[in-house]
Amino acid sequence: MAEERRGAWFGFGFCGFGQALGSGRGRQVHSPEPLRAPGAGLDVCRVSASWSYTALVTREHLLPTPAPGACPAPSLASSPPPAGGGGRVELSGFAVGAAGGCRDAWASEELLVVLRAGPGPGAGTELQAWTPGSALRGEPLWAQTVPEAEREDGPGGDETQAGPLPLLPCARAYVSPRPPFYRPLAPTLRARRLELGAEHALLLDAAGQVFSWGGGRHGQLGHGTLEAEPEPRLLQALQGLTMAEVAAGGWHSLCVSEAGDIYIWGWNESGQLALPTRSLAEDGKTTAEASGLNEDGSEVKTVAGGEDGAPAPFIAVQPFPALLDLPLGSDAVKASCGSRHTAVVTRTGELYTWGWGKYGQLGHKDTTSLDRPCRVKYFVDKQLQVRTVSCGPWNTYVYAVEKEKS
């Protein structure tokens, strides 16, 4: 088995509360910089970012301090968070503090949720909900022991491979930033991954099907309407396609198929769907405007702007999944969404970003917003392969390793 190459976490975008993000100088970072975690040499295995703070899940052991000019703070992002109670959570930004015995953490403005080893031997895993400003001291707002993943019945049954928080290890419930904190899922769903947006939820099941529910006023549910759904509903438009990843932005959604295709839908106010949007029109002005619906149900508005005076179309809301092609026909393997920006990792280890870029969260050395996928050149220039990406609302975290030498 080949030895895992050493790598590092990088950050870019909003850091107005001093959260760990590159150098942390000023309020924003416009280009990827090596992440400077609260503790030097920490082995970071997961990053969960909220607006005002970031939670870093680390392994308990410290890594050797790298030599000057070497890749700092290497960690294996392809590895899962620590099993048992062998990890730590480190907070930076508006919320600070640290706690041991942690397996996973999920940050939101309302709650900081952690999975920790129970209070005694054989006590299982405890789910704890804290106020972000508590510094993980005192007593949590709420705590509950949660079961581990269950083994499927029948010959060849295997343990359900549940994703990280907010989906719980049992894959039968998830945690919400608003009461009730613990929310059971129907056993028939067999959840593999769950993502929460500002008003909606996406679920990927073991068969590669996608379900959505919650608020739908921006088309983020993908059912062709702007109506809310109180319970998980299968995305009919994606039936027959096996999905491998899901990502929920503030009001938009994305999934990646096993074949590497990207499907995206919801709100396109800042170009986060990589579809033409009025807010990014070259002249920034509209002289005439009309609206209607495409055959696929997407809300289309037009503005006068073409050289021949013909209206130029743009899409405000896309209520059905739309197939998105990356430049050069690249296949996607990982994806994450911020409030109004999107990031995708390709099979060859390149990072593409688009959408809202006001704080540098796209990583293109500026604050430009884009309505088309654009490759982040930093990682190409540094001969780094991106392995995973995790977006906060206004920032982006990336784990990358050095490319193999030919």
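## Salt bridges

This is a predicted model, and 11 salt bridges turn up in it. Side chains of opposite charge can pair when their charged atoms come close. A good one to start with is Arg46 with Asp104, where the closest N and O atoms sit 2.6 Å apart. Arg46 belongs to strand β3 (residues 42-49) and Asp104 to strand β7 (residues 102-107), so this pair ties together parts that are 58 residues apart in sequence. Are the two partners buried or exposed? Both Arg46 and Asp104 are buried.

Next up is Glu199, which forms a salt bridge with Arg217; here the closest N and O atoms are 2.7 Å apart. This pair also links distant parts of the chain: Glu199 is in the loop between β13 (191-196) and β14 (200-205), while Arg217 is in the loop between β15 (210-214) and β16 (229-234), 18 residues apart. Glu199 is partly exposed because its relative accessibility is 31%, which falls between the 20% and 50% cut-offs. Arg217 lands in that class too, being partly exposed with a relative accessible area of 49%, and the upper limit for the class is 50%. Then there's Glu195 with Arg193, whose closest N and O atoms are 3.3 Å apart. Arg193 is partly exposed, with a relative accessible area of 22%.

## Cysteines without a disulfide

How many disulfides does the structure hold? Zero. As for the surroundings of individual cysteines, Cys170 is buried, at a relative accessible area of 2%. Cys374, on the other hand, is partly exposed at 26%.

## Around Ala105

Strand β7 comes back into the picture with Ala105, which has its place there. Ala105 has 0% relative accessibility, so it counts as buried. Which residues does Ala105 touch, leaving out those up to four places away in sequence? The contacts are Arg46, Ser48, Ala55, Val57, Val89, Val113, Val114 and Leu165. Arg46 in that list is the salt-bridge partner of Asp104 from above.

For a sense of how sequence and space compare here, take Ala105 and Ala49. They are 56 residues apart in sequence, and their C-alpha atoms are 10.0 Å apart in space.

## Strand β9 and its neighbours

Now for strand β9 (residues 125-130). Six of its six residues are buried, so the strand is largely enclosed by the rest of the structure. Both faces are covered: Thr125, Leu127 and Ala129 are buried on one side, and Glu126, Gln128 and Trp130 are buried on the other.

β9 has partners to pair with. Strand β8 (residues 112-117) pairs with β9 in the antiparallel sense over six bridges, and within this pairing Val114 has Gln128 as its bridge partner. Val114 is also one of the residues that Ala105 touches. Strand β10 (residues 142-146) is antiparallel to β9 as well, with five bridges between them. In that pairing, Ala129 stands opposite Trp142.

## The four-strand open sheet

In what order do the strands of the open four-strand sheet run? The order is β2-β1-β28-β27, and the pairing is antiparallel. At the edges are β2 (28-34) and β27 (384-391), each of which pairs on one side only. From one strand to the next, the twist averages 15°.

At one end of this sheet, β27 pairs with strand β28 (residues 395-402) in the antiparallel sense over seven bridges. One bridge in the pairing matches Ser390 with Tyr397 in β28.

## Ser336, next to β27 residues

Ser336 lies in strand β23 (residues 332-337). With 11% relative accessibility, Ser336 counts as buried, because the cut-off for that label is under 20%. What does the Ser336 side chain reach at 2.8 Å? It reaches the backbone nitrogen of Cys391, and β27 covers residues 384-391.

Leaving aside residues up to four places away in sequence, Ser336 touches Ala247, Thr342, Ala343, Val389, Ser390 and Cys391. Ser390 is a name we've met already, as the bridge partner of Tyr397.

How values were computed
Residues are numbered from 1 along each chain as its sequence is written. This is a predicted model: local features need pLDDT of at least 70, side-chain atom pairs count only at pLDDT 80 or more; totals for chains, interfaces and linings use all residues. Side-chain values use heavy atoms; hydrogens and water are left out. A disulfide is a pair of cysteine sulfur atoms within 2.5 Å. Buried means under 20% relative accessible area, exposed over 50%, partly exposed in between (1.4 Å probe, protein chains only). A salt bridge is a side-chain nitrogen of Lys or Arg within 4 Å of a carboxyl oxygen of Asp or Glu. Helices (H or I, at least four residues) and strands (E, at least two) are DSSP runs, numbered from the N terminus. Contact means heavy atoms within 4.5 Å. Two strands pair if DSSP finds at least two bridges between them. Axes are lines fitted to C-alpha atoms, for helices over the stretch in contact, and angles run from 0 to 180 degrees between N-to-C directions. A polar contact is a pair of N or O atoms within 3.5 Å; within protein, one must be able to donate a hydrogen and the other to accept it, and residues adjacent in sequence count only if both atoms are side-chain atoms.
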